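Me: I would like to learn how to read a structure. Can we go through one together, feature by feature?

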Amino acid sequence: MKKNTTKGESNNIVVYISLLFAVVLLLIDSLSGLGGVRKGLSFVFEPVSFQANIAGSKVKEYFQTFVNLGNFRKEFNDLKIASYDKETQYSSYVILKNENEALKKQIALGNKEAVYVLANTLRDDNVDTIQIDQGSESGIQQGDVVSVGNVFVGIVSSVDLKGSTVRLPSDENSHLEVVVLKPGQGNATSANILSSGVISGSAEGIKVENIAMNSEVVDGDVVYINDSKVGGFFALGYIVALSSNPASTYKTAFVSPILDYDNLMQVFVRTE
Amino acid sequence: MEVLYLILTCLGVVFLESFLVALGSMRFFFLLNISLFNKINWKYLLTFSIITSIILDVIYHYVLGTNLLLVAIPLLLMLGISLLVPLEYNLPGYSVKFLCIFVYYLLLAFVPELIITGNWATITGLMIGGMVLKATISIAFCVIFDLVWSRLRKREEGTKLRSL
């Protein structure tokens with residue numbers, strides 16, 4: 001017990017001597033200055049301290065990232081909202097651009113004497129018809145032809161006040177007379193026409209029938225609508241999968257449409 | 001050999017002190033002093049304290065003796081309180097250490113400036129909060145240090161040959 005007390009008391013000396021030494025050092029450094037000691041120690045230990053400081057700062061930066069996670073998340077959400085905003089603006093721009101391009105095409109290629117109504121297509125799950133946002137209010141009637149430029153889209157099958165349904169050539173009830181021409185031959189003179197035929201919608205696609213057996217129609221030739229119901233000369237697509245049955249008197253083929261009906265955004269309805 | 005240990009310890013402490021100051025304004029030198037107090041020979045502790053404090057004074061551009069004074073005052077306070085509360089490895093013992101560490105950080109906030117410029121520094125509530133936080137972290141270090149120290153001692157004792 002006595003030994004422990006003595007040990008404890010001798011340890012206490014550290015504090016007293018430290019205090020005394022500190023006061024003495026303070027006095028000496030304040031009065032005379034210990035520049036030599038400072039320079040020597042600084043030369044040896046400043047680089048150690050400097051490196052340690054750099055290491056500490058780097059670790060602090062790393063931890064700071066975790067501390068600022070909340071701010072980062074908020075910033076990320078703000079950026080996400082801004083991104084959605086920009087995306088919306090971009091979509092509006094794309095719609096305008098499409099409309100502009102469709103108008104240009106219509107002005108350049110459409111029948112300038114006819115009256116056209118610009119209509120936006122609406123989403124429709126039916127693959128054989130499309131819905132448009134113009135109806136009888138805009139003067140559209142059943143049987144009006146829908147086109148983009150000189151490319152055939154369909155025929156208006158039903159109309160209400162604010163909207164209409166357009167029957168596409170792929171619809172099973174759609175039957176139209178067509179002519180087949182070589183690509184690049186826009187004039188449907190009898191000399192240029194390779195064959196005439198009838199298109200009808202089917203589950204496999206737009207089917208062309210009644211192509212003359214002795215005609216020189218090949219895959220890739222262009223199909224034009226030439227029907228009294230349409231009352232004009234509209235491009236429809238290209239001949240594909242041409243087949244002939246020796247027992248039959250005509251050839252059949254399918255039409256690959258020029259337009260992708262799923263991605264149509266604007267169409268023109270030719271009103272009477 | 002002891003001299004080599006001393007030099008290496010001083011270097012290590014200077015490095016850790018600078019590292020922790022950059023990391024979170026934590027002071028390692030005082031922490032080591034308070035942890036080693038009553039654990040090693042007082043002569044070694046005194047030599048270590050004087051040398052390291054002078055080095056740190058030079059690094060921090062304090063008047064020489066400032067760090068030693070900052071260490072000695074809280075330790076003196078601890079000795080004073082130890083007359084009433086025994087300094088053991090329990091809650092009251094660590095509470096005294098917590099108080100001493102807090103006092104150390106409090107002194108650190110204004111003593112160096114007072115010595116250099118003669119002006120009293122302003123201490124805000126935020127600074128007090130920071131001091132409490134640093135003292136809490138330091139106490140956690142003290143607890144871990146004491147645990148490691150006691151295990152090392154036991155292991156050393158285990159390897160000793162028993163004298164008949």
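Me: What percentage of the residues in chain A is buried?

Reply: Keep in mind that this model is predicted. To judge burial, count the neighbours around each residue: 20 or more C-beta atoms within 10 Å make it buried. In chain A, 25% of the 272 residues are buried.

Me: How many helices and strands are there in chain A?

Reply: Look for runs of one kind of secondary structure. Chain A has three helices and 12 strands.

Me: What share of the contacts in chain A, at a separation of 6 or more, joins residues 24 or more positions apart?

Reply: Here you compare place in the sequence with place in space. In chain A, 55% of the contacts with a separation of 6 or more are between residues 24 or more positions apart.

Me: Now the two chains. How many residues does each chain bring to the contact?

Reply: Count each side separately. Chain A brings 32 residues and chain B brings 31. On the chain A side, α1 (2–31) and α2 (35–67) each supply at least two residues. The most come from α1(A), with 17 residues. Sorted by class, the chain A side holds 17 nonpolar, 11 polar and four charged residues.

Me: Which residues of α2(A) meet α1(B)?

Reply: Start with the axes, then go to the residues. The axes of α2(A) and helix α1 of chain B, residues 2–24, come within 7 Å and cross at roughly 40°. Their crossing is right-handed. On the α2(A) side you find F45(A), V48(A), S49(A), A52(A), N53(A), A55(A), G56(A), S57(A), V59(A) and K60(A). Their partners in α1(B) include L11(B), V14(B), F15(B) and S18(B). By class, this contact has 13 nonpolar residues, five polar and one charged.

Me: Let us try a pair inside chain B. At what angle do the axes of α2(B) and α4(B) cross?

Reply: Fit a line to each helix and read the angle. Helix α2 of chain B covers residues 28–36, and helix α4 of chain B covers 66–82. Their axes come within 11 Å and cross at roughly 40°. Therefore α2(B) is oblique to α4(B). The handedness of this crossing is right-handed.

Me: Which residues meet there, in α2(B) and in α4(B)?

Reply: Name them helix by helix. From α2(B) come F29(B), F30(B), N33(B) and I34(B). From α4(B) come N67(B), V71(B) and L75(B). The contact of α2(B) with α4(B) has five nonpolar, two polar and no charged residues.

Notes
Residues are numbered from 1 along each chain as its sequence is written. Chains are lettered from A and ligands numbered from 1 in the order in which they are written. This is a predicted model: local features need pLDDT of at least 70, side-chain atom pairs count only at pLDDT 80 or more; totals for chains, interfaces and linings use all residues. Helices (H or I, at least four residues) and strands (E, at least two) are DSSP runs, numbered from the N terminus. A residue is buried if 20 or more other C-beta atoms lie within 10 Å of its own, exposed if 12 or fewer, and partly exposed in between; C-beta atoms are placed from the backbone. Two residues are in contact if their C-beta atoms, placed from the backbone, lie within 7 Å. Ala, Val, Leu, Ile, Met, Phe, Trp, Tyr, Cys and Pro count as nonpolar, Asp, Glu, Lys and Arg as charged, and the others, Gly among them, as polar. Axes are lines fitted to C-alpha atoms, for helices over the stretch in contact, and angles run from 0 to 180 degrees between N-to-C directions. Angles under 35 degrees count as roughly parallel, over 145 as roughly antiparallel, 65 to 115 as roughly perpendicular and the rest as oblique. A crossing is left-handed if the near helix is turned anticlockwise from the far one by less than a right angle, and right-handed if clockwise.
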